[in-house]
Amino acid sequence: MSLAGQLYRLQQLDLELQENQQELDKVANQLSDNKALVAAESRIASQKEHLEDAKKRQKSSEWELEDLQEKIRQIDSRLYGGKTKDPKELVNLEKEVKGLKSQVRPKEDALLGFMSQIEEMEAGAKTTAGELERLKEEWEQRQQTLRPRKSEIETVLADLKGERNRLAEQISSEAISIYQRISLTMGQAVVKVERGRCLGCHITVATSQWQKVRAGDLIQCNNCSRILYLE
Ligand SMILES: [Zn+2]
């Protein structure tokens with residue numbers, strides 16, 4: 001293989017290495033991307049916390065209502081039990097019980113409000129739990145598909161690196177540094193000559209140059225400086 005041919009092959013290997021590395025990065029990102037899962041987990045945790053709070057509020061609202069009803073019962077029994085005879089006291093008790101009874105309805109309404117709020121929150125938490133379950137399954141599935149894909153690419157990369165190293169050892173360091181310098185500025189450093197034209201810049205290669213390329217010399221295009229390669 002001519003020197004230009006070796007460099008051309010080196011370029012192919014570099015390109016394949018780059019593509020596989022990009023693919024590996026992509027797969028590794030997909031494997032570690034658990035943002036949706038973490039978000040759903042934190043959502044469900046905060047929903048549970050709010051639910052606990054709401055249940056506590058419901059409980060204390062129930063207790064308040066029971067207390068109130070107990071007080072009403074006690075006063076009612078004094079009013080109608082027959083033990084209390086003093087008319088002034090009876091009037092006071094009636095006033096008191098009337099005030100307490102007027103609080104029953106608002107407290108019952110508040111309790112009902114808490115209950116329907118809790119029902120709504122429980123439905124919300126259930127939806128999130130379902131979503132979390134779905135995300136976990138998706139995650140597991142993705143791991144199962146992507147893990148073998150990752151090691152597959154890693155094997156390909158190791159093979160390519162091996163081949164590149166073996167090839168690079170056969171090429172002079174001078175030629176390698178020319179190749180690398182052109183790669184940095186032009187991207188593609190080695191280009192074919194087809195129908196007398198450089199495929200890098202499409203300018204006709206001078207016959208003398210072309211002959212040197214054919215003889216196996218390392219020749220750069222006069223116009224774009226890329227290394228010329230004849231198959
Ligand atoms: Zn050119």
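How exposed is lysine 26, in terms of relative accessibility? Lysine 26 comes out at 46%, so it counts as partly exposed. The legends below start with the whole chain and then come back to this residue and its partners. Keep in mind throughout that this is a predicted model.

**Figure 1. The whole chain, for orientation, with its five helices and three strands.**
Reading from the N terminus, the elements go α-α-α-α-β-β-α-β. This is no ball: the radius of gyration is 42 Å, whereas a compact globule of 231 residues would sit near 17 Å. The C-alpha trace tells a matching story, spanning about 135 × 35 × 25 Å along its principal axes. Of the 231 residues, 30% count as buried. The chain exposes about 15,400 Å², and carbon and sulfur atoms supply 50% of that area. Among contacts with a separation of 6 or more, 72% come from residues 24 or more positions apart. As for charge, there are 37 positive and 39 negative ones, and their mean positions are 3 Å apart.

**Figure 2. Close-up of the salt bridge between glutamate 23 and lysine 26.**
Here the closest N and O atoms are 3.8 Å apart. That falls within the 4 Å cut-off for a salt bridge. Both residues belong to helix H1 (residues 3–32), and because they are three residues apart there, about one helical turn separates them. Lysine 26 is partly exposed, as noted at the start. Its partner glutamate 23 also counts as partly exposed, with a relative accessibility of 25%. The pair is part of a bigger story, taken up in the next view.

**Figure 3. Close-up of the salt bridge between arginine 149 and glutamate 152, and the network around it.**
The N-to-O distance in this bridge is 2.8 Å. Once again the partners are three residues apart, about one turn, but the helix is now H3 (residues 87–170). Arginine 149 is partly exposed at 30% relative accessibility, and glutamate 152 is partly exposed too, at 46%. Which residues make up the network of salt bridges? Glu23, Lys26, Arg149 and Glu152 are the ones linked. The network therefore takes in a pair from helix H1 and a pair from helix H3. For the chain as a whole, the count comes to 17 salt bridges.

**Figure 4. Close-up of the salt bridge between aspartate 33 and lysine 35.**
The two side chains meet with an N-to-O distance of 3.5 Å. Lysine 35 is exposed, at 63% relative accessibility. Aspartate 33 reaches 35% and counts as partly exposed.

**Figure 5. Close-up of leucine 112, an exposed residue in helix H3.**
Leucine 112 has a relative accessible area of 54%. The cut-off for exposed is over 50%, so this leucine makes it into that class. For a sense of scale, pick out lysine 56 as well: its C-alpha atom is 14 Å from that of leucine 112, and the two residues are 56 positions apart along the chain.

**Figure 6. Close-up of glutamine 209, a buried residue in helix H5.**
Is this glutamine buried or exposed? It is buried, with a relative accessible area of 10%. Leaving out neighbours within four places in sequence, glutamine 209 is in contact with Ile219, Gln220 and Asn222.

**Figure 7. Close-up of arginine 195, a non-glycine residue with a positive phi.**
Its phi is about 50°. Arginine 195 sits in the loop that links strand E1 (190–194) to strand E2 (197–198). With a relative accessible area of 87%, the residue is exposed.

**Figure 8. Close-up of serine 225, also with a positive phi although it is not a glycine.**
Serine 225 has a phi of about 70°. Look for it in the loop between helix H5 (207–215) and strand E3 (227–229). The relative accessible area of serine 225 is 35%, which puts this residue in the partly exposed class.

Conventions: Residues numbered from 1 in each chain as written. Predicted model: local features only at pLDDT ≥ 70, side-chain atom pairs only at ≥ 80, totals over all residues. Heavy atoms only, no water. Helix = DSSP H or I, 4+ residues; strand = E, 2+ residues; numbered from the N terminus. Rg over C-alpha atoms; globule rule 2.2 N^0.38 Å. Buried < 20%, exposed > 50% of the residue type's maximum accessible area, 1.4 Å probe, protein only. Contact = heavy atoms within 4.5 Å. Areas by Shrake-Rupley, 256 points an atom, 1.4 Å probe, with all protein chains shown as cover. Lys, Arg positive; Asp, Glu negative; His and termini not counted. Charge placed at Lys NZ, Arg CZ, Asp CG, Glu CD.
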